[in-house]
Amino acid sequence: MNRFDVDLFVIGGGSAGVRAGRIAAGHGARVMVAEEYRVGGTCVIRGCVPKKLLVYASRFRDEFEDAAGFGWSVPEARFDWATLIRNKDTEIARLEGIYRANLEKAGVEIVDARAVIEDAHTVRLVKSGTRVSAGTILVAVGAHPTLEPVIPGGDLGITSNEVFHMEHFPERILVIGGGYIAVEFAGVFAGLGSNVTLLHRGDKLLRGFDEDVRDALGEAYAKHGISLALGRTVERLDRKGGAITATLSDGSVLEVDQVLVATGRRPNTAGLGLEAAGLTLDAVGAIPVDGFSQTLTPSIYAVGDVTNRANLTPVAIREGHAFADTVFGGKPTMVDHSLIPTAVFSTPEIGVVGLSETTARRLHGEIDVYKTSFRPMKETLSGRDERTFMKLIVDRASDKVLGVHVMGHDAGEMIQLVGVAVTMGATKADFDRTIAVHPTAAEELVTMRTPFVVKTPVAVG
Ligand SMILES: Cc1cc2nc3c(=O)[nH]c(=O)nc-3n(C[C@H](O)[C@H](O)[C@H](O)COP(=O)(O)OP(=O)(O)OC[C@H]3O[C@@H](n4cnc5c(N)ncnc54)[C@H](O)[C@@H]3O)c2cc1C
């Protein structure tokens, strides 16, 4: 006789919840997953996947232009937003179907409903009022975009949730934010032909990234015709006929067709009943967990964006998998969050693994920095004024590569593979003895010989 209706109740059918549910079922657990919107979660439905499709769409403009230098004449290209969105929606629906099918194949029961926690072992399905008891509850509810800071007329703006379903293509768009989502959408709309202003209160884009990369992206975006409004905020938004006016902190007024606010995301913990289960949230509303994703209530675990550790899909998936192995597979597994390769799908693209120069200097003291900036081969005939930037940061004492930063074509693809080497603890000597692949841009990563900056910190006292 089972004491609980299910062994595992997963709240949220996104990247983390789907993986956790599938793996736990594979370990023999009776699993139920509740999803209030669409299975697949943010990444599949309104995040990484549709975004990347839009990024692909946005890069054709450059391709059409560049083709001329290679002998092609391309008739004037025209872009149709409705076709792109329709095709994107078809693909997302296909992927959602696959996610559902995979869960069902694994024996997981899917409930299309919002679920809230009643106590440490009970979940209530909001639509039907049904109560389900569970040996373990996994909270994998993700996060949502916020329209912050709150300003007069702020609700005239849209977030990344709505941007994928805009009815009309904006000829003029104001993107607010300096993080990767803002940067990516600014690149997308510029490529698709909008007149883009990217406004950020800081003095550079992509806080936390290497300073050279931040500078290089700012220059590249300005060259691409994106108007950067840095060190400024928006004071108010007003409707003006079919347009929106944005009054900026420097007193200037900008008229646009759309305002995309990408200033932050918050965990989906409001009204979830966590307090009833004895849990306290942190300052941003995230659920505190230990290295095994367990909360202070032993039967409740949390994974993915709702824990606000590293808000990326592969991390959410890894956390979900580790949870299932720990609790149902008899294999306690912690996720190492210390080295996470990541990409920004700006155009040009950015790939990063490991430490920035500033952080490396702070943590390791004596480092060597290798960097190069060059015109990629393709741009010799295209004539495009675009450069590729690469940087290696090496610990002088151990020769270990601490950080790799790439900006240019296919940087995301490159960094995935460099990430293997860096995760394995590769040294600069390992990079040096790797034979180059020629002619590629990536070969520069193994052919940089002379440290760009050699600084020895001065001993104090
Ligand atoms: C525009 C955008 C672009 C992104 N691009 C990338 C990228 O390129 N690479 C990358 O790695 N990451 C990217 N991310 C981040 C990535 O999407 C998230 O890190 C990832 O989806 C987190 O997975 P999760 O399972 O924690 O949450 P989610 O995927 O958000 O899943 C949570 C699910 O829970 C459901 N839910 C919430 N509350 C309840 C409830 N009470 N009951 C039932 N269901 C509920 C939600 O509907 C949702 O489906 C992007 C995010 C955005 C917004």
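A residue is taken to be near the ligand if one of its heavy atoms lies within 4 Å of it. In this predicted model, 38 residues surround the ligand, and the closest are Ala 16, Glu 35, Thr 42, Lys 51 and Asp 305. By class, this shell is made up of 18 nonpolar, twelve polar and eight charged residues.

Oxygen atoms of the ligand approach the protein backbone at several positions. A polar backbone atom of Asp 305, a residue also listed among the closest, is 2.8 Å from a ligand oxygen. For Cys 43, the distance between a polar backbone atom and an oxygen atom of the ligand is 3.4 Å. At Asn 311, a backbone N or O atom lies 3.4 Å from a ligand oxygen. The ligand taken alone exposes 1000 Å², of which the protein buries 95%. Two or more residues of the shell are given by each of helices H1 (15-26), H2 (41-46), H3 (48-67), H6 (180-192) and H8 (313-328). The largest share, four residues, comes from H2.

The chain as a whole contains twelve helices and 22 strands. Its radius of gyration is 24 Å, close to the 23 Å that the globule rule gives for 461 residues, and the chain is therefore as compact as a globular protein of that length. The C-alpha trace spans about 70 × 65 × 50 Å along its principal axes. Of the 461 residues, 49% count as buried. The chain exposes about 21800 Å², with carbon and sulfur atoms supplying 54% of that area. Among contacts with a separation of 6 or more, 63% are accounted for by residues 24 or more positions apart.

Technical notes: Residues numbered from 1 in each chain as written. Predicted model: local features only at pLDDT ≥ 70, side-chain atom pairs only at ≥ 80, totals over all residues. Heavy atoms only, no water. Polar contact = N/O pair within 3.5 Å; in protein donor to acceptor, adjacent residues only side chain to side chain. Areas by Shrake-Rupley, 256 points an atom, 1.4 Å probe, with all protein chains shown as cover. Nonpolar A, V, L, I, M, F, W, Y, C, P; charged D, E, K, R; others polar. Rg over C-alpha atoms; globule rule 2.2 N^0.38 Å. Buried < 20%, exposed > 50% of the residue type's maximum accessible area, 1.4 Å probe, protein only. Contact = heavy atoms within 4.5 Å.
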